Amino acid sequence: MEKISKSLVSWASILDEKTREQAITTAKLPFIYPHIALMPDAHLGKGATVGSVIPSLGAVIPAAVGVDIGCGMIAVRTQFTKSDLPDDRATVREAIERAVPLSPGRYNTKVVATAEPRIAELIALAERAEFDPAQYAGNWALQLGTLGGGNHFIEISLDEDDTVWAFLHSGSRGVGNKIAQQHIAVATRLCRQWWIDLPDPDLAYLVEGTPEFRRYIAELKWAQHFALLNREEMMDRVIRQLGEWVGTPVSEAERINCHHNFTKREKHFGKEVWVSRKGAIEAAEGKLGLIPGSMGTASYIVEGRGFPPSLNSSPHGAGREYSRSAARRTFTHEQLREAMAGIEFRDSADFVDEIPQAYKPIDRVMTDAAELVTVRAVLRQIVNVKGQ
């Protein structure tokens, strides 16, 4: 742990100067308490650093939660081992790609029967929160059970004992994005109205006790739950396809579902604070979590160690070293193929910006996180489905 300032601590051994300066700027805000915790995967973000844990007294920064509210991971440990799997891995990849709509703007064409109870749960939650999600996206129900793009993925992986896991990464899709954008705009307008001098316009915040704050928190909680149920719905479809491929229904031995873009109220260092984890998972003592690498490297099942200076948090992944545009300029389709050797994936130059070399080495990130989490299992993917 490096103490960069009295309000900023870091576990990132790889930290470029722009990211460091961004985190220092955020940590100077007057409502930060006790300090911002930079995770080992920290990298430059919009307003606030991706891979940061931001505790605040009486305020929340919507852009510090991010536009993909509730984005996170889900994993299922199955009863299968490697020896149970057929040789033709393209079959299961293509089946998953048919079962789960991929890429930005791709949604279900109708409400799938398995999604109906989850949609009913979200309708009831929205009614209690006194808002209609259709004001943000008329087709929000069709978005449930869809992956999205960018670094969202679905994978079939093996752990050290050759046990088969299903693993995926996604969030609150278009409806969550529009909710976030709306409240970022409201925070920006109010800070201008109140003549608040911000070091960065993207650090605009909402003040606890105001109607705007209450509205944001209510809709934020809904979007976080949408993201969690979205992952549940997709995972149900994935394990159904996995079971059909193997010829035996999946019997789940374990299911873990966790956010890494979210806000919740917690107690730290004697005070109740709003903790915004922007690219970080909760790692309270004994709490299970998921830390993926890039599309060609290891992922980790972890257990939190509840380390107080980290605000009970840990990294959420490898963290980018190259922006998407820089990665496309730097790496080639052939290098991507080499990095994905032995992994079944959709061979496309569109994924060059997701090449493992564009990210921090996940083993270095996990070494940096040694006092934050205990590793329970290391996964290596054998099938990869990307959402781009």
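**Close-up views**

**View 1. Arg173 is buried, with 10% relative accessibility.** Buried here means under 20% relative accessible area, exposed means over 50%, and partly exposed is in between (1.4 Å probe, protein chains only). This is a predicted model, so local features need pLDDT of at least 70 and side-chain atom pairs count only at pLDDT 80 or more, while totals for chains, interfaces and linings use all residues. Residues are numbered from 1 along each chain as its sequence is written, and side-chain values use heavy atoms, with hydrogens and water left out. Arg173 sits in helix H6; helices (H or I, at least four residues) and strands (E, at least two) are DSSP runs, numbered from the N terminus. Have a look at the backbone too: phi of Arg173 is positive, about 55°, although Arg173 is not a glycine.

**View 2. Phe269 also has a positive phi, near 50°, in a residue other than glycine.** You'll find Phe269 in the loop between strand E11 (261-268) and strand E12 (271-278). Its relative accessibility is 45%, so Phe269 counts as partly exposed.

**View 3. Seven strands line up as an open sheet.** Reading across, the order is E10-E6-E8-E7-E17-E15-E14, and the pairing is antiparallel. Two strands pair if DSSP finds at least two bridges between them. Strand E10 (254-259) and strand E14 (288-291) are at the edges with a single partner strand each, so one side of each has no neighbour in the sheet. On average, neighbouring strands in this sheet are turned by 30° against each other, direction ignored. Such angles run from 0 to 180 degrees between N-to-C directions, with axes as lines fitted to C-alpha atoms (for helices, over the stretch in contact).

**View 4. Strand E6 pairs with E8 and with E10.** E6 (residues 72-81) and E8 (residues 163-170) run antiparallel and are joined by 7 bridges. With E10, strand E6 makes 6 bridges, again in the antiparallel sense. Ile74 is a handy landmark: its bridge partner in E8 is Leu168, and its partner in E10 is Asn257. Elsewhere on E6, Thr81 has Thr163 as its bridge partner in E8. Because 7 of the 10 residues of E6 are buried, the strand is largely enclosed by the rest of the structure.

**View 5. Helix H3 lies across strands E7 and E17.** The helix covers residues 89-99, and the two strands cover 153-158 (E7) and 373-386 (E17). Against E17, H3 runs at about 90°.

**View 6. Ser299 is tucked into strand E15.** The strand spans residues 299-304, and Ser299 is buried at 2% relative accessibility. A polar atom of the Ser299 side chain lies 3.3 Å from the backbone nitrogen of Gly293. That makes it a polar contact, meaning N or O atoms within 3.5 Å; within protein, one must be able to donate a hydrogen and the other to accept it, and residues adjacent in sequence count only if both atoms are side-chain atoms. Beyond its neighbours within four places in sequence, Ser299 is in contact (heavy atoms within 4.5 Å) with residues including Glu155, Phe167, Ile291 and Ala377.

**View 7. Phe31 and Tyr205 form an edge-to-face ring pair.** Their ring centres are 4.7 Å apart and their planes stand at 65°. Rings of Phe, Tyr and Trp (its six-membered ring) pair if their centres lie within 6.5 Å; planes under 30 degrees apart count as stacked, over 60 as edge-to-face and the rest as tilted. Phe31 is in the loop between H1 and E3, Tyr205 is in the loop between H6 and E9, and the two are 174 residues apart. Both are buried, Phe31 with a relative accessible area of 9% and Tyr205 with 12%.

**View 8. Trp140 and Trp222 pair edge-to-face.** The centres of these rings are 5.4 Å apart, with planes at 80°. Trp140 belongs to helix H5 (residues 140-143) and Trp222 to helix H7 (residues 211-246). Trp140 is buried at 8% relative accessibility, and Trp222 at 1%. Ring pairs link both into a cluster with Phe131, Tyr136 and Phe226.

**View 9. Tyr33 has a charge over its ring and a cis peptide bond to Pro34.** The charged end of Lys271 is 4.6 Å from the centre of the Tyr33 ring; to count, NZ of Lys or CZ of Arg must be within 6 Å of the ring centre and within 35 degrees of the ring normal. For the cis bond, omega is near -10°. Pro34 is in the loop between H1 and E3.
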